[in-house]
Amino acid sequence: MANFLSQSWRMDRRQALRGLGTCISLPMLNCMLPAHAAEEAVSPKRAVFVYIPNGVNTLDFQITEAGENFKFSRSLSPLERHRSVVTPISGLHHPGGLGHHHNCQKIWLTGGQVGPTDRNTISVDQRIAQVTSPHTRFHSLEISNKGESLAWTADGIRLPGMSRCSEIFAHLFEEPKNGTAAERRALRRKASVLDANLDEVRALEQKLGVEDKGRLNQYLTAVRETEIRTRQADAWLDVPRPKIPESARKRTDRDIPQAQAGEYFRTVYDLIVLALQTDATRVATFSSGLEGQGLAIPELGISQSRHELSHHNGDPGHMEKLTQSDTFSVEQFSYFLSRLKETQDLNGRPLIETTMSLFGSGMAYGHSHGNANLPLVLAGGTGCDIKHGRHLDLNQGHFDGYNLDSPGQHYRLCSRPANTSAHMSNLLLGIARRMGVETDQFGDSNRELELA
């Protein structure tokens with residue numbers, strides 16, 4: 001596939017700094033590199049996180065064989081053609097989420113606690129973005145069909161998510177509606193407010209006790225992150241946005257009714273691919289619904305939300321529809337992986353090699369809100385030291401084996417972890433470290449999950 005990113009939007013560093021005075025030092029950006037230098041550069045790593053609400057029909061989702069000689073389950077069968085670049089994972093859980101089903105989505109990427117007085121912690125996508133954002137126009141990309149994203153700041157604040165495809169396209173690739181000058185004035189006003197705020201907080205800090213200082217440091221971290229993003233956005237105003245060819249624009253710059261679930265999902269995935277391909281960002285999250293909702297799929301004759309289907313009470317009709325909904329979501333994710341395979345980055349390297357994607361849910365068995373043995377698939381990132389083509393089963397050695405013919409036994413596995421040390425944060429830590437985050441701890445991790 002030809003690299004459609006013409007060199008016309010590349011520019012000189014001095015041009016980018018013109019008019020900015022001394023307020024910020026702009027990093028060396030891809031668009032400032034000579035064409036041959038960009039081609040010789042090492043391709044950056046990227047991370048995408050995709051969430052489906054309310055768990056799955058675990059009887060049709062669960063893979064029962066560990067290792068490389070596994071058979072894809074019915075719900076995961078659309079991934080068969082991607083076997084060499086996917087790793088289904090069983091047996092992980094978030095200890096802080098056990099028994100707190102209403103917060104499963106909130107802590108899926110944070111590994112935080114979810115008690116009534118607990119505040120969430122930073123999500124892994126935002127921790128990764130702290131490393132990647134100095135090199136991209138956008139810190140990260142948050143998409144959610146209900147506006148509440150998977151992303152949480154260092155201060156435990158949830159970031160809003162965009163849902164309309166045309167809105168996402170405009171955000172990524174259109175110049176500011178009111179013009180660059182007006183946008184810059186707004187950003188600098190915001191920076192001035194942040195500076196004044198920091199001065200007041202530092203004066204207050206001298207009068208606080210140890211506990212209050214801890215809370216204040218959390219707040220200051222969030223303010224500093226906002227300040228950095230504001231200054232980077234100011235600098236990027238002088239960098240022209242990449243020109244998107246008409247074919248790609250027609251595919252992505254459109255509004256698809258969410259009732260057309262397949263078209264909506266695929267358009268969202270196309271937008272994420274385009275954002276990664278142009279290096280607009282290197283981190284993205286996509287939540288296809290909230291725990292109490294989840295898209296219906298009229299095109300399959302499914303009028304109920306995933307929440308309604310998950311509370312099936314053993315009804316065969318509802319369970320079959322939930323399996324169809326699960327398989328549908330996996331099919332769309334499979335489409336995303338196909339797009340990553342056929343799309344090259346700025347250096348001509350297939351995105352599938354440098355893009356790690358985590359697909360799954362914060363629940364396993366939605367009917368009883370079981371949130372152990374989480375349904376997860378890690379895909380892509382073949383150039384990121386990941387061994388794919390196997391079922392990584394953390395339940396093995398800690399239980400008597402899968403017995404899908406006795407649903408009650410399997411549902412218990414989805415409510416109480418067989419392997420209590422198998423924290424999902426161990427997986428998140430492994431992803432973060434592969435993305436360049438230098439840390440030995442994330443969330444409630446107790447060790448890094450071995451992925452190589």
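Axes here are lines fitted to C-alpha atoms, for helices over the stretch in contact, and angles run from 0 to 180 degrees between N-to-C directions. Contact means heavy atoms within 4.5 Å. Helices (H or I, at least four residues) and strands (E, at least two) are DSSP runs, numbered from the N terminus. The model is predicted: local features need pLDDT of at least 70, side-chain atom pairs count only at pLDDT 80 or more, and totals for chains, interfaces and linings use all residues. Residues are numbered from 1 along each chain as its sequence is written, and side-chain values use heavy atoms, with hydrogens and water left out.

**View 1. Two helices lie across strands of the sheet.** Helix 15 lies across strand 1, strand 2, strand 7 and strand 8, at about 160 degrees to strand 7. Helix 12 (residues 316-342) lies across strand 1, strand 2, strand 7 and strand 8 too, running at about 180 degrees to strand 7.

**View 2. Helix 15 and its cover.** Of the 11 residues in helix 15 (424-434), 10 are buried (under 20% relative accessible area; exposed is over 50%, partly exposed in between, with a 1.4 Å probe and protein chains only). Among the buried ones are M424, L428, I431 and R434. Their cover includes strand 1 (46-51), strand 2 (86-90), helix 5 (124-132), strand 7 (355-360) and strand 8 (376-380). After the helix comes G436, with a positive phi near 100 degrees.

**View 3. The open sheet from edge to edge.** Follow the 7 strands in the order 3-6-1-7-8-2-9, and you will meet mixed pairing; two strands pair if DSSP finds at least two bridges between them. At the edges, strand 3 (141-144) and strand 9 (392-393) each pair on one side only. Strands 7 and 8 run antiparallel, joined by 5 bridges, and G360 has L376 of strand 8 as its bridge partner.

**View 4. Strand 1 and its neighbours.** Strand 1 is largely enclosed by the rest of the structure, because 6 of its 6 residues are buried. R46, V48 and V50 are on one side, with A47, F49 and Y51 on the other. In a regular strand, side chains alternate between the two faces of the sheet. Strand 1 runs parallel to strand 7 over 6 bridges, with V50 opposite F359. Its pairing with strand 6 (residues 283-287) is also parallel, over 5 bridges, and A47 stands opposite V283.

**View 5. P95 in its loop.** P95 sits in the loop between strand 2 and helix 4 (104-107) and is partly exposed, at 30% relative accessible area. Leaving aside residues up to four places away in sequence, P95 touches H423 and D444. P95 and S425 are 330 residues apart in sequence and 9.5 Å apart in space, C-alpha to C-alpha.
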